[in-house]
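Visitor: Got a minute to walk me through this one? I'd like to get a feel for the fold and the ligand site.

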Amino acid sequence: MTGAIGKEKASLSMKTSGCTNVTTGRGLNFLSGKAYLIGVSIAKERRGQGLGTLLMQTSLQALQQENIAEVELSVTPENKGAIKVYAGKLGFVAKDTKIDEYGPVENRLVMMLSLDNLT
Ligand SMILES: CC(C)(COP(=O)(O)OP(=O)(O)OC[C@H]1O[C@@H](n2cnc3c(N)ncnc32)[C@H](O)[C@@H]1OP(=O)(O)O)[C@@H](O)C(=O)NCCC(=O)NCCS
């Protein structure tokens with residue numbers, strides 16, 4: 001998914017897996033599926049204005065409508081702004097910490113959100 005909010009570029013990418021895909025009249029539905037958030041980014045000069053939260057909320061609602069049950073992501077533990085959005089604003093919970101995932105001292109905090117709990 002890639003989009004624009006106002007005149008500013010924003011992007012968000014996800015992949016789905018473990019899904020049973022059924023074709024319906026309006027396209028594909030994902031049953032009992034899980035989505036992985038790969039990346040989310042807001043233009044530097046527009047950060048801290050609620051746009052990252054809005055982009056995520058809108059995308060999570062779209063996934064929920066496609067019967068995705070759970071979303072998982074990983075984030076650098078030092079990325080306090082992203083963690084504030086994921087945990088503080090959207091309700092993601094920490095599931096695991098992967099040590100040296102992307103090389104020495106490149107730890108990743110794994111977080112998940114059940115879309116049943118989407119507010
Ligand atoms: C992560 C990102 C998408 C968030 O987008 P955003 O538009 O800035 O998010 P929001 O404005 O909705 O919320 C950010 C919140 O984090 C807070 N925040 C920002 N930096 C922070 C920090 N270092 N420590 C604590 N809180 C911080 C902001 O104050 C804001 O909270 P508030 O509304 O209560 O004041 C954006 O910062 C970004 O593109 N970062 C670079 C790419 C990136 O790191 N992506 C995540 C990879 S997993």
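**Helix, ligand shell and core**

Guide: Sure. Keep in mind that this is a predicted model. A spot to begin with is Asn67, which follows α1 and has a positive phi, near 65°.

Visitor: OK, and α1 itself, what residues does that cover, and how far apart are its end C-alpha atoms?

Guide: Helix α1 is residues 51-65, and its end C-alpha atoms are 21 Å apart. That agrees with expectation, because 15 residues at 1.5 Å a residue should span 21 Å.

Visitor: Which residues of α1 are buried?

Guide: Gly52, Leu55, Met56, Leu60 and Leu63. Looking down the axis of α1, they fall within an arc of 125°, so the buried residues line one face of the helix.

Visitor: And what does the face turned away from the buried side carry?

Guide: Gln61, Ala62 and Gln65 are the exposed residues there.

Visitor: Switching to the ligand. Which residues come nearest?

Guide: There are 17 residues around the ligand, and Arg47, Gly52, Thr53, Lys80 and Gly81 come nearest. The elements giving two or more residues to that shell are β5 (33-42), α1 and α2 (80-89).

Visitor: Which element has the largest share of the shell?

Guide: α2, with 5 residues.

Visitor: What's the breakdown of the shell by class?

Guide: The shell around the ligand has 8 polar, 6 nonpolar and 3 charged residues.

Visitor: Let's zoom out. How many helices and strands in the protein chain?

Guide: 2 helices and 8 strands. Starting at the N terminus, the order is β-β-β-β-β-α-β-α-β-β.

Visitor: How much of the protein chain is buried?

Guide: Of its 119 residues, 17% are buried. As for contacts with a separation of 6 or more, 55% are between residues 24 or more positions apart.

Visitor: Now the largest nonpolar core. Which members touch the most others?

Guide: That core has 17 residues, and Val71, Leu73, Tyr86 and Met111 touch the most other members. The elements that give two or more residues to this core are β5, α1, β6 (68-75), α2 and β8 (108-114).

Visitor: Take Met111, then. What does it touch, leaving out residues up to four places away in sequence?

Guide: Met111 touches Leu73, Val75, Tyr86, Ala87, Phe92, Val93, Ala94 and Lys95. Two of those, Leu73 and Tyr86, were in the list I just gave you for the core.

Conventions. Residues numbered from 1 in each chain as written. Predicted model: local features only at pLDDT ≥ 70, side-chain atom pairs only at ≥ 80, totals over all residues. Helix = DSSP H or I, 4+ residues; strand = E, 2+ residues; numbered from the N terminus. Expected span 1.5 Å × (residues − 1). Buried ≥ 20, exposed ≤ 12 C-beta atoms within 10 Å, placed from the backbone. Arc of directions from axis to C-beta. Near = placed C-beta within 6 Å. Nonpolar A, V, L, I, M, F, W, Y, C, P; charged D, E, K, R; others polar. Contact = placed C-beta atoms within 7 Å. Core = buried A, V, L, I, M, F, W, Y, C linked by C-beta atoms within 7 Å.
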